[in-house]
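Here is a short briefing to keep beside you while you turn the model around on screen. Take a look at the sequence and structure first, and then walk through the points below.

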Amino acid sequence: MLDLAFWLLFLLIAAGLGIFLFASEEDKSVVSLVAVFSALGGVFALMGYTFLGGIYVLLYAGAVVVAFLMVAWLVSGRSREGRSIKWAFFLIFISLGTELSLIFLGSRSVFRRVSTSVSALGELFLGKYLYVFELTSLLILTAVVSSLVLMRRRS
Amino acid sequence: MSSTALFLLSALLISAGIAGFFVRKDLLTMLLSGEVALSGANLALLVFATRSSPTEAQAAVIAILTVAAAEVAVALAAIAVAIRDKGKATEDIASEMKG
């Protein structure tokens with residue numbers, strides 16, 4: 001069962017990457033990546049990294065790719081109506097459906113030794129890797145400030 | 001699901017990312033190709049570390065994701081500026097964007 005789910009997700013990722021590479025329009029490429037990252041989140045969940053799988057679906061598929069999609073629509077300068085991106089949406093529905101069915105069937109870790117404890121992760125970030133954590137927050141602050149400066153600059 | 005299958009998936013993601021970076025001409029999909037390749041590298045890292053230190057690998061992947069998200073914020077701003085100034089965001093515009 002887990003093998004079947006993995007190969008289904010593998011096929012979805014391969015199909016999404018095919019659309020990403022060969023689509024003629026930018027927004028088709030970007031939308032297909034929502035399916036790729038959702039399916040990849042499912043693969044992580046199958047490996048036992050359920051928290052990371054959730055992060056991938058929420059952060060990558062839900063936030064990063066959608067931000068890209070908004071810029072893609074800005075680039076193309078056309079409205080959303082009349083766009084034929086139904087194949088990409090079809091892939092997204094299948095990948096999210098596979099993940100939901102995994103949840104309903106009860107996700108079992110393939111590698112039994114994988115620790116999925118979020119508290120262990122928190123202890124690691126606020127203990128051993130505290131400086132890395134603080135440096136990362138500094139980097140995010142710098143990125144936010146620099147993107148604001150870039151956007152405010154007049155040509 | 002064996003480690004070999006996971007490495008195969010990782011190789012697929014990295015190859016597609018590298019191919020996309022060189023095949024596509026627009027900055028947006030070139031940047032996204034980098035993200036795809038990075039995801040493949042994350043997957044390989046997790047598979048390698050599963051037997052020894054899975055929690056630390058998970059922490060490393062989350063740190064990588066955060067850095068990638070910061071990179072995306074700056075790159076999207078640069079692409080939006082390129083669109084505003086030049087009307088397009090293709091690879092030939094990138095060479096004109098030096099400070």
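The notes that follow go from the chains to their interface and then to a few individual residues.

This is a predicted model, so a word on confidence comes early. Chain A is built from 6 helices and 0 strands, while chain B has 4 helices and 0 strands. The two chains bury about 5,200 Å² between them, and a salt bridge between Glu56(B) and Lys128(A) is part of that meeting.

**How far to trust chain A**

- The average pLDDT of chain A is 78, and 74% of its residues score at least 70.
- Confidence varies along the chain: among the elements of chain A, helix 6 (residues 130-152) has the highest mean pLDDT, 89, and helix 4 (residues 86-105) the lowest, 67.
- Where pLDDT is low, please do not read the predicted coordinates in detail.

**Chain A at a glance**

- Going along the sequence, you will meet the pattern α-α-α-α-α-α in chain A.
- Chain A has 155 residues, and 40% of them count as buried.
- If you take the contacts in chain A between residues at least 6 apart in sequence, 75% of them join residues at least 24 apart.
- The accessible surface of chain A is about 8,700 Å², with 70% of it belonging to carbon and sulfur atoms.

**Chain B at a glance**

- Chain B reads α-α-α-α along its sequence.
- Of the 99 residues in chain B, 54% are buried.
- Among contacts in chain B with a separation of 6 or more, 57% are between residues 24 or more positions apart.
- Chain B has an accessible surface of about 4,000 Å², and carbon and sulfur atoms account for 68% of that area.

**Where the two chains meet**

- On the chain B side, 53 residues are in contact with chain A, and they touch 60 residues of chain A.
- Of the area of about 5,200 Å² buried between the chains, 77% lies on carbon and sulfur atoms.
- Which residues of chain B lose the most area to chain A? They are Met1(B), Leu32(B) and Gln58(B), which together make up 14% of what the chain B side buries.
- The polar side of the interface comes to 10 residue pairs in polar contact, counting pairs with both residues at pLDDT 80 or more.
- Three elements of chain B give two or more residues to the side that touches chain A: helix 1 (3-23), helix 2 (27-49) and helix 3 (54-86).
- Helix 3 of chain B supplies the largest share of that side, with 25 residues.

**The salt bridges**

- Over all chains, the structure holds 2 salt bridges.
- One of them pairs Glu56(B), in helix 3 of chain B, with Lys128(A), in the loop between helix 5 (118-125) and helix 6 of chain A, so this pair joins two chains.
- The side chains of Glu56(B) and Lys128(A) come to 2.7 Å, N to O, and the count of salt bridges between chain B and chain A is 1.
- Are the two partners buried or exposed? Glu56(B) is partly exposed, at 27% relative accessible area, whereas Lys128(A) is exposed, at 57%.
- Within chain B, Asp26(B) forms a salt bridge with Arg24(B), and their closest N and O atoms are 3.9 Å apart.
- Asp26(B) counts as buried because its relative accessibility is 8%, under the 20% cut-off.
- Arg24(B) also counts as buried, at 8% relative accessibility.

**A closer look at Leu121(A)**

- You will find Leu121(A) in helix 5 of chain A.
- With a relative accessible area of 4%, Leu121(A) is buried.
- What does Leu121(A) contact, leaving aside its neighbours within four places in sequence? Its partners are Phe51(A) from chain A, together with Thr55(B), Gln58(B), Ala59(B) and Ile62(B) from chain B.
- Leu121(A) and Phe51(A) are 70 residues apart in sequence, and their C-alpha atoms are 10.0 Å apart in space.
- Gln58(B) is worth finding on screen, for it touches Leu121(A) and is also one of the chain B residues that lose the most area to chain A.

Methods:
Residues are numbered from 1 along each chain as its sequence is written. Chains are lettered from A and ligands numbered from 1 in the order in which they are written. Side-chain values use heavy atoms; hydrogens and water are left out. Buried means under 20% relative accessible area, exposed over 50%, partly exposed in between (1.4 Å probe, protein chains only). Contact means heavy atoms within 4.5 Å. Accessible areas come from the Shrake-Rupley method with a 1.4 Å probe; for residues, only the protein chains shown count as cover. pLDDT is the predictor's confidence in each residue, from 0 to 100. Buried area is the accessible area (1.4 Å probe) that two parts lose on being put together, summed over both. A salt bridge is a side-chain nitrogen of Lys or Arg within 4 Å of a carboxyl oxygen of Asp or Glu. A polar contact is a pair of N or O atoms within 3.5 Å; within protein, one must be able to donate a hydrogen and the other to accept it, and residues adjacent in sequence count only if both atoms are side-chain atoms.
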